[in-house]
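Visitor: Could you take me on a close look at a single part of this protein? I would like to follow how its strands are put together.

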Amino acid sequence: MKQAMIFAAGLGTRLKPLTDTMPKALVRVGGQPLIWHVIQKLKSSGYERIVVNVHHFADQIVAYLEENHNFDLDIRISDETSALLETGGGIKKALPLFDANEPILIHNVDILSNLDLEALPMDAPLLVVSERQTKRYLMFDDEMRLHGWTNIETGALKGPISNGQWSMVNGQLRKLAFSGIHVFHPSLVPLLDEWPDKFPIMDFYLKACGTHLIRGYEAKDLRLMDVGKLDTLDQAEAFINDL
């Protein structure tokens, strides 16, 4: 069974004032809520079970899914109304809602892309990345194994490369931008025990990559839009029409 999680619990502060009365997931692009676009992409790629985490105006998301009969999918709610758990904590809380033996595709609700989800290998933890300009990059060796993270403006480093293991790869690392789409693999579940209820998933990956294989998947010709700000909404409508 193919299963996925949609991160939809965020406050959507960059989309104010729209998100003063609705969750980011229900902000419309091209006549449909953001969550509709993500669900349709997952459904067309063969995903059968989807867990949606909720916090901000959670009842509106639940009502929307019920009104649409869960799009004839097995859609489950991970309730974070009592407290936002960040991305890592959100996954940790939602795990009981999934098949423990299958990988989970994680997709932000505000990401639109032309990514072929069916092409993603699912046999190990996977971060979808691409070559694009940003300040923050994930760093991979020639075999696309994750070794760390850097902010090229500040020079900050995270992960194995920040604690003396830089020489392992002789500095020959590729810098690629994260897409907000990744695969959480069952092999990582035991590592979650040492983490608190609330934490960013990227911090988890950057620690885990020192001992476990976490692979990057470079999506060639990736077209991706983060619909996180008001000024991107009009662009997003043109973007989806061109997909």
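Guide: UniProt, in an unreviewed entry, lists residues 4-119 as "domain: Nucleotidyl transferase"; UniProt positions are given in the numbering used here, feature names are shortened, and annotations may be inferred rather than shown by experiment. This is a predicted model: local features need pLDDT of at least 70, side-chain atom pairs count only at pLDDT 80 or more, and totals for chains, interfaces and linings use all residues. Residues are numbered from 1 along each chain as its sequence is written, and side-chain values use heavy atoms, with hydrogens and water left out.

The span 4-119 is 26% helix and 24% strand, and its end C-alpha atoms lie 15 Å apart. Helices (H or I, at least four residues) and strands (E, at least two) are DSSP runs, numbered from the N terminus.

Let's start at strand S1 (residues 3-7), where 5 of 5 residues are buried, meaning under 20% relative accessible area with a 1.4 Å probe, protein chains only. In a regular strand the side chains alternate between the two faces of the sheet. On one side of S1 sit Gln3, Met5 and Phe7, on the other Ala4 and Ile6, and both faces are covered.

S1 pairs (at least two DSSP bridges between the strands) in the parallel sense with S4 over 5 bridges, and isoleucine 6 has valine 52 as its partner there. Another 5 bridges join S1 to the parallel strand S6 (residues 104-108), with phenylalanine 7 matched to asparagine 108.

From S4 (residues 49-54), 6 bridges lead on to S5 (residues 74-79), also parallel. The chain travels from S4 through helix H2 (residues 58-67) to S5 in a right-handed β-α-β crossover: with the strands pointing away from the viewer, the path from the first strand over the helix to the second runs clockwise.

How values were computed:
Buried means under 20% relative accessible area, exposed over 50%, partly exposed in between (1.4 Å probe, protein chains only).
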